[in-house]
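Visitor: Hey, can you walk me through this one? I'm new to reading protein structures.
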Amino acid sequence: MSEVTAVKTDKEKLISVIYDDTSRDDEIDDAVMDLSKFDDDDVIQILMKVANDASFDDMIRASAGESLADIWIRRSIVDYSQLGSLTETALKEALGLIKSKRTDWYTTFSELFPMKVK
């Protein structure tokens with residue numbers, strides 16, 4: 001099996017854990033955190049859905065926000081509209097990481113979304 005195939009399979013396995021009704025919250029949380037290793041747009045969209053889906057536990061949603069921030073920091077590009085659309089605990093986790101690693105992004109975000117920064 002090639003390395004690309006192995007990585008693709010790993011990503012697909014992680015995504016399947018998230019949407020498997022039999023997965024425990026801790027397994028889903030681990031999968032969400034492990035998805036931060038991938039930085040394609042599909043992963044970002046899945047993490048955005050998890051981050052803003054109230055049916056997921058707050059711990060999982062927080063991890064999704066942190067994973068998104070990890071990806072943006074690694075890519076050296078942030079999507080402020082996506083960041084601004086995060087809710088509650090996911091936004092708090094994402095901003096915490098961004099504030100510690102990219103203060104310039106945090107400053108810009110606080111200017112764009114002053115009501116979201118507390």
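Guide: Sure. The largest nonpolar core is a good starting point: 34 residues make it up, and Ile18, Leu83 and Leu86 have the most contacts inside it. Keep in mind that this is a predicted model.

Visitor: Which helices supply at least two residues of this core?
Guide: Those are α1 (3-18), α2 (25-34), α3 (41-51), α4 (58-75), α6 (88-101) and α7 (103-112).

Visitor: And why would residues like that gather in one place?
Guide: In soluble globular proteins, nonpolar side chains tend to be buried together.

Visitor: Back to Leu86. What is Leu86 in contact with, leaving aside its neighbours within four places in sequence?
Guide: Leu86 is in contact with Met48, Ala51, Asn52, Leu68, Leu91, Ala94 and Lys116, once those neighbours within four places are set aside.

Visitor: OK, new topic. How many salt bridges does the structure hold?
Guide: Eight. One of them pairs Asp41 with Arg75, with their closest N and O atoms 3.3 Å apart. That pair links distant parts of the chain, since Asp41 is in helix α3 and Arg75 is in helix α4, 34 residues apart.

Visitor: Are Asp41 and Arg75 buried or exposed?
Guide: In between, actually. Asp41 is partly exposed at 49% relative accessible area, and Arg75 is also partly exposed, at 32%.

Visitor: What does Arg61 pair with?
Guide: Arg61 meets Asp58 in a salt bridge, at 3.8 Å from N to O. Arg61 also has a salt bridge with Glu88, at 3.3 Å from N to O. The pair of Arg61 and Glu88 links distant parts of the chain, with Arg61 in helix α4, Glu88 in helix α6, and their positions 27 residues apart.

Visitor: How far along helix α4 are Asp58 and Arg61 from each other?
Guide: About one helical turn, because they are three residues apart in helix α4.

Visitor: And which of those three are buried or exposed?
Guide: Each falls in its own class. Arg61 is buried, with a relative accessible area of 4%. Asp58 is partly exposed at 47%, and Glu88 counts as exposed at 57%.

Visitor: Let's stay with α4. Which of its residues are buried?
Guide: Here's the list: Ile60, Arg61, Ala62, Ser63, Ala64, Gly65, Ser67, Leu68, Ala69, Ile71, Trp72 and Ile73. These buried residues pack against α2, α3, α5 (80-85), α6 and α7.

Visitor: Ser67 is on that list. What's its relative accessible area?
Guide: It's 0%, so Ser67 counts as buried, the cut-off being under 20%. Leaving aside neighbours within four places in sequence, Ser67 is in contact with Val32, Met33, Ser36 and Leu47.

Visitor: What span should α4 have, going by its residues?
Guide: At 1.5 Å a residue, the 18 residues of α4 should span 26 Å. The end C-alpha atoms of α4 are 26 Å apart, which agrees.

Visitor: Last bit: what happens at the ends of α4?
Guide: At the N-terminal end, Asp57 caps α4, with a side-chain oxygen 2.8 Å from the backbone nitrogen of Met59. After α4 comes Ser76, whose phi is positive, near 60 degrees.

How values were computed
Residues numbered from 1 in each chain as written. Predicted model: local features only at pLDDT ≥ 70, side-chain atom pairs only at ≥ 80, totals over all residues. Heavy atoms only, no water. Core = buried A, V, L, I, M, F, W, Y, C linked by side-chain atoms within 4.5 Å. Buried < 20%, exposed > 50% of the residue type's maximum accessible area, 1.4 Å probe, protein only. Helix = DSSP H or I, 4+ residues; strand = E, 2+ residues; numbered from the N terminus. Contact = heavy atoms within 4.5 Å. Salt bridge = Lys/Arg side-chain N within 4 Å of Asp/Glu carboxyl O. Expected span 1.5 Å × (residues − 1). Polar contact = N/O pair within 3.5 Å; in protein donor to acceptor, adjacent residues only side chain to side chain.
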